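Colleague: Please take a close look at the salt bridges in this model. I would like the criteria stated, then the surroundings.

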Amino acid sequence: MPGYGSIILIALVVLLIFGGKKIPELMRGLGGGIKEFKDATKEDKANNDQIDSNN
């Protein structure tokens, strides 16, 4: 598990690479991807539960 120092270092490197204006756009994209993944996981679980109840 990384400590606070390494998290700050990673954040600074990301800031230097992408710049301050690009980071909010990247985070929105990441959030959208996480939401899509969660939705797909819930859908898959519902499908598996339905298949299990039919057997």
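Modeller: A salt bridge here is a side-chain nitrogen of Lys or Arg within 4 Å of a carboxyl oxygen of Asp or Glu. The side chains of Lys35 and Asp39 meet that rule, with N to O at 3.2 Å. The model is predicted: local features need pLDDT of at least 70, and side-chain atom pairs count only at pLDDT 80 or more, while totals for chains, interfaces and linings use all residues. Residues are numbered from 1 along each chain as its sequence is written, and side-chain values use heavy atoms, with hydrogens and water left out.

By the salt-bridge rule, the count is three. Start with Lys35 and Asp39. Both lie in helix H2, residues 23-54. They are four residues apart, about one turn of the helix. Helices (H or I, at least four residues) and strands (E, at least two) are DSSP runs, numbered from the N terminus.

How exposed is Lys35? The scale is relative accessible area: buried is under 20%, exposed is over 50%, and partly exposed is in between, with a 1.4 Å probe and protein chains only. Lys35 has 52%, so it counts as exposed. Asp39 has 37%, so it counts as partly exposed.

The next pair is Asp49 with Lys45. Their closest N and O atoms are 3.3 Å apart. This pair also sits in helix H2, with four residues, about one turn, between one partner and the other. Lys45 is exposed at 51%. Asp49 is partly exposed at 39%.

The remaining pair is Lys22 with Glu25. Here the closest N and O atoms are 3.5 Å apart. Lys22 is partly exposed at 37% relative accessibility. Glu25 is partly exposed too, at 44%. Between Lys22 and Lys35 there are 20 Å from C-alpha to C-alpha, and the two are 13 residues apart along the chain.

Now the wider setting. The protein has two helices and zero strands. Its radius of gyration, taken over C-alpha atoms, is 19 Å. The globule rule (2.2 Å times the number of residues to the power 0.38) gives 10 Å for 55 residues, so the protein is more spread out than a compact globule. The C-alpha trace spans about 55 × 25 × 10 Å along its principal axes. Buried residues make up 0% of the 55 residues.

On charge, the protein has 7 positive and 7 negative side chains. Lys and Arg count as positive, Asp and Glu as negative; His and the chain ends are not counted. The centres of the two sets lie 14 Å apart. Each charge is placed at NZ of Lys, CZ of Arg, CG of Asp or CD of Glu.

The surface also has a nonpolar side. The exposed area is about 5,100 Å², and carbon and sulfur atoms supply 66% of it. Accessible areas come from the Shrake-Rupley method with a 1.4 Å probe; for residues, only the protein chains shown count as cover. Leu9, Val13, Ile17, Phe18, Leu26, Met27, Leu30 and Ile34 make a nonpolar patch of about 750 Å². Patches take residues with over 30% relative accessible area and no salt bridge; like charges are joined within 9 Å, and nonpolar side chains (Val, Leu, Ile, Met, Phe, Trp, Tyr) within 5 Å. Helix H1 (4-18) and helix H2 each supply at least two residues of this patch. One of its members, Leu30, lies in helix H2 and is partly exposed at 49%.
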